[in-house]
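Let's take a friendly walk through this model, stopping at a few residues along the way. Keep the viewer open and follow along at your own pace.

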Amino acid sequence: MKQRYSFPALVWNALRGHRDWAPAWRKAQPRKNYDVIIIGGGGHGLATAYYLAKIHGITNVAVLERAWIGGGNTGRNTTIVRSNYFLQPNSDFYDFSLRLWEGLTSELNFNIMLSQRGVINLCHSQAELETFARRYNSNRQRGVDGEILSVAEIKKLIPHLDTSPDVRLPIVGGAIQRRGGTARHDAVAWGYARAADALGVDIIENCEVTGLHIDHGAITGVETTLGTIKAPKVAIAVAGHSTQLAEMAGVRLPIETHLLQAMVSEPVKPFLDTMVSSATHHVYLSQTDKGELVVGGQIDGYNSFSQRGAFYRIEDITSGAIALFPQIASLRMLRKWAGAVDMTMDGSPISGKLPVHGLYLDGGWCYGGFKATPAAGWCMAHTIAHDEPHDLNRQFSLDRFRSGRVIDERGAGNSPWLH
Amino acid sequence: MLINCPFCGPRAENEFVFGGSSADNCEVATENTTALTDYLYFRNNPKGWNIEYWVHRHGCQSWLEVERHTVTHEIRRTQLTKDHP
Amino acid sequence: MTTVYPSRSGELVASGGEVVRFTFDGRPMRALPGDTLASALLAEGKHLCARSFKLHRPRGIMSAGYEEPSALVSVRYRGTEEPNTRATQIVLKDGMEIRSQHAWPSVEHDAFSILNRFGRFLPAGFYYKTFMGPKGAWPFYEKIIRHMAGLGKVPTEKPNAEYESTYAHCDVLVAGAGAAGLSAAIAAARSGARVLIAEDQVEAGLGLIGSQATIDGLPAKIWAKQLVEELQQNPHVRFLRATTVVGIYDHNFIVLAERLPELNGKGNQPSQRLWKVRAKEAVFAIGAVERPLLFANNDLPGVMLAGSVEAYIDRFGVRPGSSVVVATSHDGGYYSAARLAASGIGVVAVVDTREQAGEGAMREVEALGIEVLRSTEVIEAKGRGHVEGVRVRGRRNGKYRSLSCDLLAVSGGWNPNVHLHAHTRAETVYDSEIGSFRPGPTKPHVYNAGSCNGTFSLSDVVKEGHLAGLAAAQACGYEPASHVWSVSDTRNFIPCPPDRVPEGLNEKRTFVDFQNDVTIADIRLANRESYSAVEHLKRYTTLGMGTDQGKLGNVNGLKVLSHIQGQPDALPAPTTFRPPFTPLTFGAIAGGERAHHPLRRTAAHDFHEQAGAMPVFNGYWQRPQLYRRPGETDLQAVNREVLHVRSQVGLIDVSTLGKIDIQGSDAVELIERVYINGFRKLKVGHGRYGVMLREDGMLLDDGVTVRLGENHFLMSASTGHIQEVYEHLTNLLQTKWKDLDVVVTDVTENWFTCALAGPKARDVLEGLVENIDVSKEALPFLGAASGRIAGMPARIFRISFSGELAYEINVPSNYGAALWAKLLDHGKEMGLSPYGTEAMGVLRVEKGFFIVGRDADGRSTPFDIGIGRMINRNKHFVGSDALQLSAFADEGRRQLIGLMPVDKSLPIPRGASLVPNTPDFEKSPPIGFVTSMVYSPHTGCYIALALLEGGRSRLGEKVIAVAPTASKHTLVEVVEPIFVDKEGVKLHA
C-alpha cells in the first residue's frame, strides 16, 4: 500500500495539518484497452478488481462506474453481514464471505468496521422456532455457527425488546448467529477501491457503458460515454441494471428489478447491540456506530428502477419496529431511501459466465448483495481468471434456470405474487 | 401510486398485488425446454414502460392489466385483463 | 433564576397572565404561554444549551425553526420522553422536564469538551484510518465510539403519547401559509376548489410580521390575517397549523405531520396526527432557509441567523442580545439591522462583503446612525463559550479590525426549500444570483411559489402564489377567480451570497455542518483524498447527515467544495432530496391502528376460549391447539385427544381451511387443468383428493374437491395457502384461460366447518342429521351429501385428515357456534369431546399425510413426495411441462420418508438434520432434515416425517437425526411414511 493507514500515521499527519494524505484512488482516465473490464463500481465490481490483481496477478483492469463508486446498492443497504442461509450453495458461499469479512480490515488496511455483534431472528410461534432450528442445525453440521435461544436469553442480549407474553404476537424464542453483524458499507467500496488502485487497477468514474462490442459470439470491448474501450474479458456487476447490461449482449435474465427501502432514526446513545429480525413483523433493526437505528423490511413488491419507495411500506416497518421496541415510538425517522435490487426467480444469485465468450455476470443478489461482497468479488475474479467458476459459485450459474436446478431458499417459486 | 380499478375506481397501490409483466405471462408452446424455462424464469424487466398484471387483492379481486413506467411510475392505461384481447 | 418576569410582547406571546413552569436540567424556569424553549432561554439571556456531536463545542441557538442544527434537548412531558428535540420547536407546557444531551456532567461544564482541543486528530473519516489493531481490538474501540456517539437517549418506557393517522382528499393542497401559500390558497378557494393548506408554524404568516409592505393598501401582516380568517371560515378549506408537509409520493400522495399540543387544544388529543392526503394538485410554498456565513468560530453561542433574530423579536418579544454586529452579503442584513435597532438592541455595525448596498437599505441604516463597513469580511468570531466580538478584514486594504458585541447576526443569503419539488424527481438548477438551487421545471400537478421557488420580492411572491393557486384550481375544473394584488414594498432586494469564501480563514474552526462539526478543513481533506463527488463528500465528512439534514450546511458545503476545486461559481448538484422534509416521529408514522395485526376467529371461538383451549396462530387465524384438563401436561392432553379420536370420537373446528366454490359449464375443465390427477369422471355427490402444482412443478397445495353438481364443485385448500390458491385460479382464469365459462369464489368465511372423527363418528352424526342417509353404503368414503343437521342447512363430506371414519360438517358460518354446541351436547353420551390442532397434527403424521409448505417444502415435486403415481399422464395441467426438466430426474433429490427411533424410548430432536450413521457424524454435512415430528401414542414412540436424499431407496437404513443447537442426536430408522392403519381400513369403515 503506497500510504499505510495507522494510528501513528494519523497522529503524524494531524500534526502536519493533514496536507500529505494521498488520494484513496486515482481518478483515472480510460485507456484504449485492458485485459479485463468490470462494469460497475460498487462493492462487487471493486472487490472483483482487487482479487484479480491481488490473487491472480491480473492488474491491467479497468472498473467503469457510471457515477461515483459505491453509489448504487453498496451505498443503500442496511449493512448486515451474516451467513445463516439454509441451502448448501448459499450456506457455503456466504460463510466463505463471512470469513473474508473477518480479515478484510487488515487485508485492505482500511477500517471497514466489521462489528460481529450477532444477528438474532425472533420467532413468534413454535412453528417458526422449529423452522429456524431446522436451518441452524443444518448450518452447524456444515460448520457455520448458530444457536437457538430462549426468550430469557434473548432478553439478556436485547434488554429493551418487548418480550412480554401479553402482546398480540409474543416472542417464543429465537436464533442467533454470533458471527453475524454489520460493516460500514461506504468503507467497503472505498477500501477495495484504494487497495485495487494501489495494485494498478484503473477506477474510472462518470463513465457509463452504453453498448457491448461482440464479434462472433465473443466480447471484444465496450462502448462508453468516454469512448470505446477494448478488452477480451468483461464482467457485469451492476445490481439493479443487470437486465439492461445483459440486454446489450442479447442475453435475457431471470431478474426483476425491485425497490427495497430502509430508513434510519436520529442518532441516539447505545440502545441495540445486535441485529434483530422478525419475519412475522416483516422488519429488522440494527444500530450504527454513530447511533442511528437502521430499520428495513421487505421489497415494495413491483418492478421499479425509481429508487423511491412507497410510504405504506415505511408504515409497515415502523409499526413492526414499534411492536418490538415500544419505547422508540418517540424517536424520529431522519432519512429513508431505496435501492434497486436484482430479484431472481429463485431468490439466489447469478455468478458466472454468460452465453457470450468472455462475458461474465455478477448479479441477482436479491437481499443478499452486501454480505456477499467479498466472496462475490473473490469468486468472480476466479471465474474471470480461469474462465470457469469456482466450486463456491458453480451452482449459481445462469443455466440452472434451464435445467430446473434452481436454489430456492424460501421455497417460494417463480412468481412474485405468490410470495 | 394510484391504480384505477375499473370496478372500484382509483385506489392506493397497497390494495393491489403485483403479478409480473404480462409479456412474461404469455402461455407459450412449452414442448422445448428453452421455451418452457423462458416462460418460467426469464423476464423482460424493462426500464421504461411496462405492461403488467396487478390483482386487486384487497378490493374486488379482479386482475388488471396496467401500463406503467417503471422509473417514473406514471400509469397510462388500466383495464381488466378479461377485456384485453 | 430571575423572579421578576420581564414584560414581553410578540405575535405569539404576551406578558401579564399565566406563566408556564418547566425545568431545564433540573432548574425551575418560567415562560410565557406560546414560548418555545429557545425563546424562553433567550429571554433569560441563556444561549448555551447543547454540545456539538464530535468535538463537544459549546452551542447555542442559531435559528428560530426546524433548521436548528445544534440546540437539541430531551423533553419529558406527561409520561412521554422525546430525545433529540430542537429547542426552537418545543412549545413549552406546564410541567415539561427538559434536559440537555450529550454532555457530562453538565452542558456548561462538559468533560468531553477536551475533545475540542484534539480536533485535528479527529478529522473527517479518521476512524477509517485507525482502530485497526491489534487484532480483535475493534470491539473494544467500538464500545467507546458508540458511547461517544449518539445524541439523546432512547426513553426507557413506552411513550404515553397517542398517535393517530387519518386520510384526506382535496383538490388543491397548499404547503405553507406565508405570503405565497396564503395567496395560492385564497386564489384556489375563491375559485371554488376544495383546499387543504398546511402551515409548519403555529400561526400563519409569521414571516410577514416585520414587513413594511402593504398589499391592497393593508399592512402585509393584516392582509395575511384577513386571508387566514377567510380561509378558516370557508367550509371547503381545511386549515392545518403546526403541520409539516413531510413528503410527496407518486400521484400526489402527500404526507403531513400535525403536532397538536402546540395548538393549545383541550382534553385528550393525540400528540401527533399523520395526514395521508391525496391531492389532485399541489402548490409548494414552503419558503427558504437563511444561510450562515463562513468564518472561524462561526458556531459560537451568540452567532445567530439574522432573520431568526428578527423572528425572536417579532414573535416572542425577545432580544437575544444587547449589542449586535450584523454581518451580511445582501440588503436583507441592513433591514435586519434596522429592525434590531428599533427593538432596542445596540447595533454596533453592519459588515457587508459587498462594495455597494442598495440605496434603500443604506438609507434606512444610515438614518439610524449605524456604522456600515463595506467590502469587509468577517474572519473570526471571538469569545469563550459565547461571542464577545468579531474580527473583520477589509477586502481592499486587508486591514483587520475588532468589534465588540454579544450577538452576531449573520446572513449569507437564502436557500430555497426545493425539497418537496425534488421529491417528485424534478430537477433543481443552480441560480448564481442567489448562490443556491431553485426548482427546475415541475412535474405535472405540482407548482412552486414564493421563496422556495427562488422568488424573493414580495410582489412577485404574492403573484406567483396567486397564479399557482389559480392554475391548480383550473386544472381541477374550476373557474379561476382572478385578482391582481397591489403590492407596495420598498424593500426589494435579491439575497445574494458572498461572492467568495474569505481567504486565510482558520479552516479547522470554520464550520459548515454545525451538528457534525464538519469544517472547511474536512472538506479540503475529503477533496484531497478523492472523496470529491458530492455523495462521497457527504458520506466521508458526514456533511448533511445530522438531524438538520443539512439545511444550514449543504449549500455552503457545495460552495466550499467548488471553491477548493477552483470553480467557485459552478456548484455541483446537491444530493438527492427524499422525504421526510424534517424528521418524522416513528409513532406518528405507525399511527394508532397500524400497530395491530388483524385477528381472525372462527364462529366457535368463544367456546374454545371458554373451554380453556390453548390458542395457536396460523397466519392471522386463532385456533385451539389443545384442550388441557386440570393436572395434565400439554403432551398428556394431546395424547389423550389422539387416543380418544382413534378409539371413540372427537370433534375439531377446521373452519380455517380454504373453500373455493367453482361453478360454470367449464368448472370440471378448470379443475382438470389445475390438479395433477383426473377429475373429469368424478361423480356428483363425491369428492376426490387432489394435488396442485405451481407452474415450476413444485407442490402448491392439496385438498379434497367435492362435486356438488354437474357444473358445481367445492375445492378445499389448506389454511396457509388459500389466498395463493385462490389467486392462482383467478390469475389463470383472468389472464390465460379467459374463454373458460367458470366462476370461482372464496367462500372460506361463509362456512363453519368441523370434523367429527373416530369409530363412533357415524353414531354421533346419525342422531342429528335430518333427511341425510349417512350409512356406509349411502355415504361412502369421500362421499358428499346435503341436507339439514339439527335444524340447520348443512353439507356433509366424508373426508378424513385423521385416517379415521370422519365427517366434515359444513353449515353457514352464522350457525357455527350453535352447531358446535349442539354436536358436543348431543355427542357427550357417546364420548364426544373436542380436540385441537396439535392432536390433529399427530393423527395426520401417523397416517403420513403431508402438509404442503412443511413436508413438501416448496422445493418438492410429486415424485419427491412419493405421489408420482397420482399424476395423470394423459392430460396437460399446471406444472406438467416443468416436471420434464432434467433437474427433477436427478439422483439424490430429497424424498419424503418416515423415521422411527431405533431405541423407541428416545425422542427425535425437533428440526433435526439427518446425517449418515458414521462415527464423525457431528461433522457431516446434512443429507436431509426432519419436517414433522410428533409423539405417537399408538406406536408408543416418537415418529417423524423427513426429506432425505434418495430417501425411498434407503428404507430400512439407519441414519442419525442430529440437532447441534439442542446438543441432541438420535439414531433413527428410515421407514415408509405411514405408521398407523397402513391398509386404510378405518378410512373406509
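C:E777 sits in a loop of chain C, with strand 42 (769-770) before it and strand 43 (784-789) after it. The model you are looking at is a predicted one. With a relative accessibility of 66%, C:E777 is classed as exposed, because the exposed class begins over 50%. Together with C:D763, C:E766 and C:D773, the residue C:E777 forms a negative patch on the surface.

A patch of the opposite sign is there to be found as well. Which residues gather in the patch of positive charge on the surface? They are A:R66, B:K47, C:R425 and C:K443. The first member to visit, A:R66, is in chain A, in the loop that links strand 2 (61-64) with strand 3 (80-81). Its relative accessibility of 44% makes A:R66 partly exposed, since that class lies between the 20% and 50% limits.

C:R425 is worth a second look for its backbone. Although C:R425 is not a glycine, its phi is positive, at about 75 degrees. The residue lies in the loop between helix 9 (419-423) and strand 26 (428-431) of chain C, and at 30% relative accessibility C:R425 counts as partly exposed.

C:Q549 also has a positive phi without being a glycine, here near 55 degrees. This residue of chain C is placed in the loop that runs between helix 12 (534-541) and helix 13. Is C:Q549 buried or exposed? C:Q549 is buried, because its relative accessible area is 16% and the buried class covers values under 20%.

Two cis peptide bonds can be inspected in chain C too. One of them joins C:W104 and C:P105, with omega at about 0 degrees. C:P105 belongs to the loop between strand 7 (97-100) and helix 2 (126-129) of chain C. Another cis bond leads from C:P579 to C:P580, and its omega is near 5 degrees. For C:P580, the setting is the loop between helix 13 (554-564) and strand 32 (584-585) of chain C.

Here are the backbone angles side by side, ready for a check in your own software.

| Site | Backbone feature | Angle |
|---|---|---|
| C:W104 and C:P105 | cis peptide bond | omega about 0 degrees |
| C:P579 to C:P580 | cis peptide bond | omega near 5 degrees |
| C:R425 | positive phi | about 75 degrees |
| C:Q549 | positive phi | near 55 degrees |

Next comes a residue with neighbours in another chain. C:H251 is located in the loop between strand 13 (243-249) and strand 14 (253-259) of chain C. Which residues does C:H251 touch, not counting those up to four places away in sequence? They are B:M1, B:L2, B:H73, B:E74 and B:I75 from chain B, along with C:R278. A relative accessible area of 28% makes C:H251 partly exposed. From its C-alpha atom to that of C:H563, which is 312 residues apart along the chain, the separation is 39 Å.

Since C:H251 touches residues of chain B, that chain deserves a stop of its own. Its secondary structure consists of 1 helix and 6 strands, and read from the N terminus the order is β-β-β-α-β-β-β. Along the principal axes, the C-alpha atoms of chain B fill a box of roughly 40 × 25 × 20 Å. Of its 85 residues, 54% are buried. The chain exposes about 3500 Å², with carbon and sulfur atoms supplying 49% of that area. Chain B carries 8 positive and 11 negative side chains, and 5 Å separates the centres of the two sets. Among its contacts with a separation of 6 or more, 44% are between residues 24 or more positions apart.

Two further residues of chain C round off the walk. C:K847 is in the loop between helix 21 (837-846) and helix 22 (862-865), and it is buried, with a relative accessible area of 5%. Beyond its sequence neighbours up to four places away, C:K847 touches several residues, including C:R646, C:S802, C:P977 and C:D981.

C:A43 is part of helix 1 (residues 37-43) of chain C. It is partly exposed, at 26% relative accessibility, and leaving aside neighbours within four places in sequence, C:A43 is in contact with C:R8 and C:V318. The C-alpha atoms of C:A43 and C:S482 are 44 Å apart.

Definitions and conventions
Residues numbered from 1 in each chain as written. Chains lettered and ligands numbered in written order. Predicted model: local features only at pLDDT ≥ 70, side-chain atom pairs only at ≥ 80, totals over all residues. Heavy atoms only, no water. Patch = residues over 30% accessible without salt bridge, like charges linked within 9 Å, V, L, I, M, F, W, Y side chains within 5 Å. Areas by Shrake-Rupley, 256 points an atom, 1.4 Å probe, with all protein chains shown as cover. Salt bridge = Lys/Arg side-chain N within 4 Å of Asp/Glu carboxyl O. Lys, Arg positive; Asp, Glu negative; His and termini not counted. Charge placed at Lys NZ, Arg CZ, Asp CG, Glu CD. Helix = DSSP H or I, 4+ residues; strand = E, 2+ residues; numbered from the N terminus. Buried < 20%, exposed > 50% of the residue type's maximum accessible area, 1.4 Å probe, protein only. Contact = heavy atoms within 4.5 Å.
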